Amino acid sequence: MYLTIQETAEYLDIPVSYIHKMVLENKIKTIDDGQQVLINKDQFSNYFEQVEKYRATLQEYLSDPLPPDPDIKDED
């Protein structure tokens, strides 16, 4: 499935100007059909997989309790 630059910006929830910048820097692959620039939606699936893995890892890290500190002394 191919998206226009506007549709890609909406899909990724980022500004259109950023999509233009990424296209000009060849960081997003495009196809020019003579009338408009099209972007293959499938190239972002890897990005979303990596984001989900990062979120899961971060959530796991944040949910682990802190270990007791061995240097704490009871001063009562």
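**Exercise 1. A salt bridge in helix α3**

With which residue does arginine 55 form a salt bridge, and how far apart are the closest N and O atoms?

Solution. The model under study is predicted.
- Step 1. The partner of arginine 55 is glutamate 52, and their closest N and O atoms are 3.3 Å apart. The cut-off for a salt bridge is 4 Å, so the pair qualifies.
- Step 2. Both arginine 55 and glutamate 52 belong to helix α3, where a spacing of three residues corresponds to about one turn of the helix.
- Step 3. Arginine 55 has a relative accessible area of 52% and is therefore exposed, the threshold being over 50%.
- Step 4. Glutamate 52, with a relative accessible area of 46%, is partly exposed.

**Exercise 2. The other salt bridge**

State how many salt bridges the structure holds, and describe the one that involves lysine 27.

Solution.
- Step 1. There are two salt bridges in the structure.
- Step 2. Lysine 27 pairs with glutamate 25, with 3.5 Å between the closest N and O atoms.
- Step 3. Lysine 27 counts as exposed because its relative accessibility is 56%.
- Step 4. Glutamate 25 is at 37% relative accessibility and so counts as partly exposed.

**Exercise 3. The nonpolar core**

Identify the residues of the largest nonpolar core and the helices that supply at least two of them each.

Solution.
- Step 1. The largest nonpolar core has nine residues: Ile5, Ala9, Leu12, Ile19, Met22, Val23, Ile28, Ile39 and Phe44.
- Step 2. Helices α1 and α2 (16-24) each contribute at least two residues to this core.
- Step 3. As general background, nonpolar side chains in soluble globular proteins tend to be buried together.
- Step 4. One core member, valine 23, touches Ile28, Thr30 and Ile39 when residues up to four places away in sequence are not counted.

**Exercise 4. Isoleucine 28 within the core**

Determine where isoleucine 28 is found, whether this residue is buried or exposed, and which residues are in contact with it.

Solution.
- Step 1. Isoleucine 28 is located in the loop between α2 and β2 (30-32).
- Step 2. Its relative accessible area is 7%; because buried means under 20%, isoleucine 28 is buried.
- Step 3. With neighbours within four places in sequence left aside, isoleucine 28 is in contact with Ile19, Met22, Val23, Ile39, Gln43 and Phe44.
- Step 4. From isoleucine 28 to isoleucine 5 there are 23 residues in sequence, and the C-alpha to C-alpha distance is 11 Å.

**Exercise 5. The surroundings of threonine 8**

Describe the position, accessibility and contacts of threonine 8.

Solution.
- Step 1. Threonine 8 is placed in helix α1 (residues 5-12).
- Step 2. Threonine 8 counts as buried because its relative accessibility is 0%.
- Step 3. Its side chain reaches the backbone oxygen of threonine 4 at 2.8 Å.
- Step 4. Apart from neighbours within four places in sequence, threonine 8 is in contact with Leu3, Ile19, Ile39 and Phe44.
- Step 5. Proline 70 is 62 residues from threonine 8 in sequence, and their C-alpha atoms are 52 Å apart in space.

**Exercise 6. A nonpolar surface patch**

Name the residues of the nonpolar patch on the surface and give their accessible area.

Solution.
- Step 1. The patch is formed by Tyr54, Leu58, Tyr61 and Leu62, which together have about 500 Å² of accessible area.
- Step 2. Tyrosine 61 is situated in helix α3 (residues 45-63).
- Step 3. A relative accessible area of 63% means that tyrosine 61 is exposed.

**Exercise 7. Positive phi outside glycine**

Give the phi values, positions and accessibilities of aspartate 13 and asparagine 26.

Solution.
- Step 1. Most residues other than glycine have a negative phi.
- Step 2. Aspartate 13, although not a glycine, has a positive phi of about 60°. Aspartate 13 is in the loop between α1 and α2 and is exposed, with a relative accessible area of 69%.
- Step 3. Asparagine 26 is likewise not a glycine and has a positive phi of about 60°. Asparagine 26 lies in the loop between α2 and β2 and counts as exposed at 68% relative accessibility.

Conventions: Residues numbered from 1 in each chain as written. Predicted model: local features only at pLDDT ≥ 70, side-chain atom pairs only at ≥ 80, totals over all residues. Heavy atoms only, no water. Helix = DSSP H or I, 4+ residues; strand = E, 2+ residues; numbered from the N terminus. Buried < 20%, exposed > 50% of the residue type's maximum accessible area, 1.4 Å probe, protein only. Polar contact = N/O pair within 3.5 Å; in protein donor to acceptor, adjacent residues only side chain to side chain. Contact = heavy atoms within 4.5 Å. Patch = residues over 30% accessible without salt bridge, like charges linked within 9 Å, V, L, I, M, F, W, Y side chains within 5 Å. Areas by Shrake-Rupley, 256 points an atom, 1.4 Å probe, with all protein chains shown as cover. Salt bridge = Lys/Arg side-chain N within 4 Å of Asp/Glu carboxyl O. Core = buried A, V, L, I, M, F, W, Y, C linked by side-chain atoms within 4.5 Å.
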